[in-house]
Amino acid sequence: MRRGFIFTLDALLAVMLVTIIVVGIIGVTSNASSVYTTQIRGENKQMAENLLETFRTVPLSNLVSPTQIEKWINGTDPVLDLTYVNPQMPPLQIVATYWALNSTGYKQKAEAIMKYLLDNLAGGYKYQLIINNYTSPYLTFDNSYENASDVGSATAMVSGYVSNETPRGYVAKAYLTKMVAAQEKLVGIQRVLAGGEYCSKPEPLDYDDYTLTVSSIYLDYQTVPGDENTVQSGSSFRLSGYYAEGNVNVDEDLSGWSVEYYNDIVYDPLNDRYLYTGYIILTNGVKTIELYLNRRFSSFTTRYEVQEIIYKDANGNQAVISLNDGIYVEVSWSWDWGWYISSSRAYTTVPNIDSAVYRIPVPPYTCNWRDYSDNSLDVKFNIELPEDLTPIEGTLSVYTRKLGNTFDLVKFNNAEWHNREGELTIPPDEIKPTNLVELKVSPYSSDELGLGSGSWVYLKYRTSTPKADDPGLVKLYTITSEGTGIYYLNSLFVPGSITGINIKLTVEGVHEVRIYYSNGTALNLVYENTSVPTDLTTITIDNETLMKGQPSLGIKGLLNYTTLQELSKKNFNLIITLDAKYEDGDLLYAGQDYHVEWNNQRILHGYPDSYINITYIPKVTTTRFTIPIEETHELSSDSYTEMHFNYYLPDKAQPWYVDVWTGISYTPGSIDPSHNIILKEGPYQQEFLRFPLDIYLIRVAYTRISPDIMVNGSTNKFKIESGDQYYGFRAGVSRAIVHYFLKGYAGYGRIFTYYAQDNACGYNLTYWYDIGNGAQPGTVLIGNCPPSESPKPLTTYNLTPWKYALDDAIYRLFVQLGAEEHSADQIKLDNTLMPGTGENPIRIELKGLAGKAIGIKNVPTTGEAIQVTLRIWRGR
């Protein structure tokens with residue numbers, strides 16, 4: 001079975017075509033119907049005849065605006081069903097078509113059209129329209145004609161041909177069933193940041209001390225042979241006792257704990273003095289055991305008494321035990337250009353405890369400058385593509401937030417880069433239906449680390465099932481910060497009118513969640529939760545809370561700073577912070593800048609566990625015949641303060657939106673916040689939007705909010721300008737993508753005497769397509785040829801759409817598929833203008849077509865005549 005475009009009229013539709021194709025007006029009568037009892041005046045009679053003649057001969061598209069036609073086609077309850085009618089048909093032809101379907105629903109569609117026309121064209125007159133002795137309140141202005149003295153009327157008879165008469169001709173429609181498109185995807189990488197370092201040994205400024213009565217204490221450990229820094233299995237630490245506020249029961253399996261050895265001056269908290277001694281720290285990263293020895297480490301000594309043990313739990317509580325004897329450490333020494341400890345062990349005999357306290361920390365905490373460790377940030381997200389893709393090329397552009405940051409790992413599926421940034425070429429065979437991107441960042445002498453502007457993923461591939469992602473569903477990343485809070489900027493945009501925003505966050509190890517709205521220069525708090533359980537927790541923030549705020553906490557909502565109408569014009573920023581906050585113009589990270597005791601790992605679990613969902617009324621309505629097309633563009637600049645690119649939008653394309661992922665650069669403290677960013681677009685690069693300088697501008701996105709931008713059949717010119725010499729753009733790392741739709745459907749066209757050239761059953765058609773690599777020839781079968789017949793070989797240069805139904809259907813469909821539209825007269829003079837030629841290619845590669853058109857001779861029966869009467873009179 002051949003697949004592709006179908007030019008068809010099924011058996012049921014054939015009956016209806018009696019009315020569609022051969023609808024004719026027998027005449028506009030000059031007789032007044034017998035039902036009229038009022039006097040007919042010449043002026044009103046002429047008005048009625050003129051209106052009815054207009055409805056008989058003038059196409060509907062010439063009588064109403066394109067906007068109204070669009071509403072009638074793509075509304076929630078379409079008035080123009082392109083399966084049976086089209087806007088080029090006169091209104092009475094559409095009415096007769098719908099009446100022939102003998103459906104109440106289609107009769108109501110006919111009523112809606114005629115009421116709209118009469119309301120707009122019969123200005124100053126009242127009216128009543130009667131179809132086959134049927135009318136309704138919808139078709140009647142009112143019944144005052146019964147008392148009017150100036151009623152004018154006209155009647156038309158609509159009829160079909162008699163069975164077996166010569167057919168008037170052929171009609172055809174076309175739609176897409178199989179094709180291949182080159183799809184491009186530009187995925188901007190949102191900015192994710194964290195503190196550059198975290199406090200590895202937070203110390204409280206004060207403690208509440210309680211006398212601890214120790215019932216028993218036991219320590220036994222031994223390091224792994226050949227690894228003096230790792231405790232082997234079978235090692236343990238046990239402590240049992242009580243104090244005024246409760247009991248202490250510790251039973252730690254030390255297997256796998258790390259061991260570190262030090263000689264230093266250490267503080268003895270029990271005796272408030274400093275000692276020059278050796279000490280050992282055992283830790284699993286959360287809990288620690290500190291052993292203070294009776295002497296400093298020396299290669300001449302192998303056995304040490306433990307004089308003090310400090311056990312610190314996950315909450316920072318300390319059990320401090322001073323020993324006379326009973327617990328010992330033995331070490332082994334080796335020589336390798338110097339003596340070093342090669343192994344150690346501890347054992348317990350009969351502990352002799354001198355004193356013990358239990359210490360509960362009292363915030364705030366502090367951190368010695370020597371006790372900060374480098375943080376690390378890990379970001380992961382998936383990119384979903386069609387299952388049937390054939391990869392072409394890909395680029396991963398990544399930049400760090402600050403100088404000194406480095407990418408320990410950049411990964412796209414199995415392709416890896418280390419200590420690299422900039423544009424990285426993705427091997428085509430690594431582009432899959434599901435793609436994992438991972439970025440690991442570490443700092444170098446920096447108080448912040450993370451991803452900077454100019455970061456994005458570009459993928460190009462061929463597919464027969466192109467799909468468009470919903471911009472309203474923002475799939476959040478999986479983010480892991482080893483020891484500080486997280487800042488996550490989401491630059492958001494939807495091509496339509498926003499109705500609401502809902503957020504779901506699934507976090508682990510997080511104490512506080514905040515949401516900020518950015519106005520470009522500062523962050524405005526719109527949500528706060530400072531009592532988040534640190535285990536795995538899901539937080540939902542509904543639209544009402546986000547929009548109206550939290551009055552009980554004194555937090556204003558999003559609508560206090562902007563409106564939904566303003567948010568719908570372009571991209572806007574919502575910043576999610578996890579254990580991080582914005583104060584006095586600075587971003588502070590827990591674990592580094594405040595709450596240094598919150599030095600634990602934090603995780604934001606990505607989609608589907610975390611997301612932002614923006615509900616909106618879309619500007620573009622799609623159907624199953626809608627084909628998403630994306631075109632990416634590199635940007636150029638003539639100066640530091642601007643960048644630009646051009647793009648062409650096909651004649652019949654449905655514009656969706658433009659998305660520019662920008663690299664910016666500015667001098668902190670020098671830019672003037674009163675200056676603006678200006679956006680220009682369209683064939684003449686007209687200004688359509690301006691807004692204050694935005695230090696968070698990683699993205700600019702917009703839809704057709706002005707008739708002068710995203711103009712069909714034109715080269716549109718995008719330009720972004722900064723009004724401040726200290727705020728500029730990095731055009732080389734910026735990338736833009738233009739989203740639009742093509743329509744893989746052409747409804748029934750006008751009537752032709754002939755079906756195809758040379759009475760052919762179809763064509764073996766050579767056409768040209770361009771899916772990103774220039775015009776390429778392709779060949780496809782069009783028609784419905786039986787085995788005994790062969791399709792006619794033909795190229796698009798030889799099509800004559802003004803003469804043949806099949807040629808006309810091909811022409812109209814190829815225009816819908818991205819070729820430029822030209823008139824018949826233009827094509828007759830220059831056949832290279834025909835849609836689908838090498839000079840005017842379509843944007844889709846075709847993979848099999850079938851075509852059919854049916855003439856009136858195939859219709860078994862005819863419809864009866866339909867009488868249409870129009871009454872016109874003046875209101876009193």
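Visitor: What does the accessible surface of the protein come to?

Guide: About 38,100 Å², with 45% of that belonging to carbon and sulfur atoms. Such areas come from the Shrake-Rupley method with a 1.4 Å probe, and for residues only the protein chains shown count as cover. Keep in mind that this is a predicted model, where local features need pLDDT of at least 70, side-chain atom pairs count only at pLDDT 80 or more, and totals for chains, interfaces and linings use all residues. Residues are numbered from 1 along each chain as its sequence is written, and side-chain values use heavy atoms, with hydrogens and water left out.

Visitor: What makes Phe 493 count as buried or exposed?

Guide: Buried means under 20% relative accessible area, exposed over 50%, and partly exposed in between (1.4 Å probe, protein chains only). Phe 493 has 1%, so it is buried. Tyr 657 comes in at 6%, so that one is buried too. Across the protein, buried residues make up 54% of the 876 residues.

Visitor: How many aromatic pairs turn up in the whole structure?

Guide: A search finds 28. Rings of Phe, Tyr and Trp (its six-membered ring) pair if their centres lie within 6.5 Å; planes under 30 degrees apart count as stacked, over 60 as edge-to-face and the rest as tilted.

Visitor: Why is the pair of Phe 493 and Tyr 657 called tilted?

Guide: Their ring centres are 5.4 Å apart, so they pair, and their planes stand at 50°, which is neither under 30 nor over 60, so the pair is tilted. Phe 493 lies in the loop between strand E32 (486-492) and strand E33 (496-508), and Tyr 657 in strand E46 (residues 654-661), so the pair ties together parts 164 residues apart in sequence. Strands (E, at least two residues) and helices (H or I, at least four) are DSSP runs, numbered from the N terminus.

Visitor: And what makes Trp 768 and Tyr 797 edge-to-face?

Guide: Their planes are at 75°, over the 60 cut-off, and the centres are 5.3 Å apart, so edge-to-face fits. Trp 768, at 19%, falls under the 20% limit, so it counts as buried. Tyr 797 has 22%, between the two limits, so it is partly exposed.

Visitor: How do you know that Lys 109 sits over the ring of Tyr 106?

Guide: A charge sits over a ring if NZ of Lys or CZ of Arg is within 6 Å of the ring centre and within 35 degrees of the ring normal. The charged end of Lys 109 is 5.7 Å from the ring centre of Tyr 106. Likewise, Arg 730 lies over the face of Tyr 399, at 5.3 Å from the ring centre.
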